[in-house]
Amino acid sequence: MAVSVFDMFKIGIGPSSSHTVGPMRAALAFCEDMVEKGVLEDASDVVVKLYGSLALTGVGHGTDKAVILGLLGETPREVNPDAIEGMLDQVKGDRRIALMGRHEIDFDPAVKIEFHNDERLPRHSNGMGMVAFDANGQLLHEEIFYSIGGGFIVREHEDDGDGDADESSRIPHPFSTAEDLLGECRRHKVSIWQLMLENEKTWREEATVCEELLAIWQVMQECTQRGFRVEGNLPGGLEVRRRAPRLYRELQEQNADEHLDLLDWVNVFALAVNEENAAGGQVVTAPTNGAAGIIPAVLHYYNRFVDDASEEGVIRFLLTAGAIGILYKKNAGISGAEMGCQGEVGVACSMAAAGLTEAIGGSLEQVENAAEIGMEHNLGLTCDPVGGLVQIPCIERNAMGALKAINASRMAMRGDGQHKVSLDQVIRTMRQTGEDMKSIYKETSLGGLAVNVPEC
């Protein structure tokens with residue numbers, strides 16, 4: 001499967017792309033499969049089984065809620081965040097659900113959504129099984145899904161991907177590695193963003209690609225603004241207080257040179273987005289929800305602090321960042337349950353560093369160097385969310401990742417693009433590190449800060 005930039009940047013809801021967006025898409029796909037088979041109206045009972053990381057941190061990540069929304073026929077992009085609680089309360093109160101919004105059956109979430117904490121399906125830690133029966137107890141449909149990070153899902157019998165295209169051969173410039181990507185760019189004398197644009201034109205007109213990329217940027221900006229406005233504590237029981245509104249007001253009131261406050265501005269941009277994500281608001285997976293604040297924060301930095309910033313620069317940024325994200329997805333992974341947080345914050349940092357370098361006029365070699373630096377200094381980053389919530393250390397980690405991305409870009413721009421460690425080598429190292437990392441440090445909340453920090 002070919003992967004589009006719009007697979008890497010999806011509009012959805014928080015708090016997790018792999019634990020919220022993916023399971024929501026899987027539940028919806030399960031119902032759509034029954035519609036295609038003509039058996040949806042015959043269904044009388046549906047059971048959902050969550051395994052591995054989906055079970056261990058599913059409650060804190062809203063996996064059970066996401067499953068309900070998917071069964072109701074809602075999509076991550078179109079669901080109204082303000083209506084979610086009402087829909088969930090009705091299903092829980094009535095103990096009934098309308099599959100695809102049209103076929104009502106008995107459904108008690110406390111019984112029909114099973115958390116198998118001690119079981120892990122062999123293919124991926126984020127596994128879920130779904131079965132449907134008719135009124136006589138006869139099996140109508142069953143499927144196993146894997147939520148493989150960034151909102152991507154695959155069925156048991158499918159290869160990893162569920163990308164935007166049918167076959168990679170349709171793309172004018174296919175690539176699987178950074179060496180492939182850079183080689184194609186050099187042969188055709190184009191930048192990464194130009195090569196990506198040509199690939200995207202396989203599925204959309206150029207004007208549409210640009211419009212949709214700017215729409216992605218608009219959602220990022222709106223999310224940031226909501227994060228500046230909404231006060232109070234985040235849900236989940238940790239009583240984590242939102243910091244972005246206060247910090248934003250303080251920065252607005254200061255009369256000092258904005259450039260002296262650059263670090264604080266980048267911090268507040270990232271905090272605002274990830275506090276919204278933690279609250280279940282609308283965000284853009286970039287490439288995951290847990291790392292959703294890094295690319296918006298760096299784009300805000302570009303827009304605010306770079307003198308010749310432009311919409312064209314935003315488009316170049318996102319296309320380049322998307323290409324780098326595709327390399328990680330193809331050759332390592334973007335799931336915290338599979339790679340640890342290096343697969344989320346590390347990948348987002350690498351993507352943002354490359355995107356910024358392209359937007360400010362870096363060479364092909366400098367872009368690759370920035371991407372490599374961005375990941376090299378996130379290798380081994382664990383995913384150990386306290387209480388199974390995307391709050392501690394996740395929110396602050398996005399602020400740190402954004403600052404690392406900017407610094408990686410600055411370091412690359414100060415050099416000539418020549419460096420000892422290639423992007424392919426660092427991606428390969430990341431994958432090996434993720435495979436060697438103990439499962440307790442990969443989004444299970446069984447190790448690290450998750451067990452050493454009291455949840456009160």
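**Figure 1. Packing of helix H9 against helix H14 in the predicted model**. Helix H9 (residues 192-200) packs on helix H14 (residues 311-331) with an angle of about 80° between them and an axis separation of 8 Å. The two helices are therefore roughly perpendicular to each other, as angles of 65 to 115 degrees count as such. On the H9 side, the contact is formed by Ile192, Trp193, Met196, Leu197 and Glu200, which meet Arg316, Leu319, Thr320, Gly322, Ala323 and Ile326 of H14. Classified by residue type, this contact of H9 with H14 comprises seven nonpolar, two polar and two charged residues.

**Figure 2. The largest nonpolar core and the surroundings of Phe317**. The largest nonpolar core contains 104 residues, and Phe9, Ile295, Phe317 and Tyr328 have the most contacts inside it. Helix H14 gives the most to this core, contributing eleven residues. Beyond its neighbours within four places in sequence, Phe317 is in contact with Ile295, Val298, Leu299, Ala352, Gly355, Leu356 and Ala359. Another core, of 37 residues, lies apart from the largest one and includes Ala55, Val79, Ile113 and Met130.

**Figure 3. The environment of Leu213 in helix H10**. Leu213 is located in helix H10 (residues 206-229). Its relative accessibility is 1%, so Leu213 counts as buried. When neighbours within four places in sequence are set aside, the contacts of Leu213 are Val5, Phe6, Ile315, Leu318 and Leu319. Leu213 and Leu319 are 106 residues apart along the chain, while their C-alpha atoms are separated by 8.3 Å.

**Figure 4. The region annotated as a serine dehydratase beta chain domain**. An unreviewed UniProt entry lists residues 4-157 as "domain: Serine dehydratase beta chain". Over residues 4-157, the chain is 38% helix and 30% strand. The C-alpha atoms at the ends of this stretch are 22 Å apart.

**Figure 5. Cis peptide bonds preceding Pro287 and Pro393**. The bond from Ala286 to Pro287 is cis, with omega near 0°. Pro287 belongs to the loop between strand E9 (282-285) and helix H13 (294-305). The bond from Ile392 to Pro393 is likewise cis, with omega near 5°. Pro393 sits in the loop between helix H17 (364-376) and helix H18 (394-414).

**Figure 6. Positive phi values at Arg95 and Met100**. Arg95, a residue other than glycine, has a positive phi near 55° and lies in the loop between helix H6 (84-94) and strand E3 (96-99). Met100, also not a glycine, has a positive phi of about 55°. Met100 is placed in the loop between E3 and strand E4 (103-106). With a relative accessible area of 24%, Met100 is partly exposed.

Terms used: Residues numbered from 1 in each chain as written. Predicted model: local features only at pLDDT ≥ 70, side-chain atom pairs only at ≥ 80, totals over all residues. Heavy atoms only, no water. Axes fitted to C-alpha atoms, helices over the stretch in contact; angles between N-to-C directions. Helix = DSSP H or I, 4+ residues; strand = E, 2+ residues; numbered from the N terminus. Parallel < 35°, antiparallel > 145°, perpendicular 65-115°, else oblique. Contact = heavy atoms within 4.5 Å. Nonpolar A, V, L, I, M, F, W, Y, C, P; charged D, E, K, R; others polar. Core = buried A, V, L, I, M, F, W, Y, C linked by side-chain atoms within 4.5 Å. Buried < 20%, exposed > 50% of the residue type's maximum accessible area, 1.4 Å probe, protein only. UniProt positions renumbered as here; feature names shortened; annotations may be inferred.
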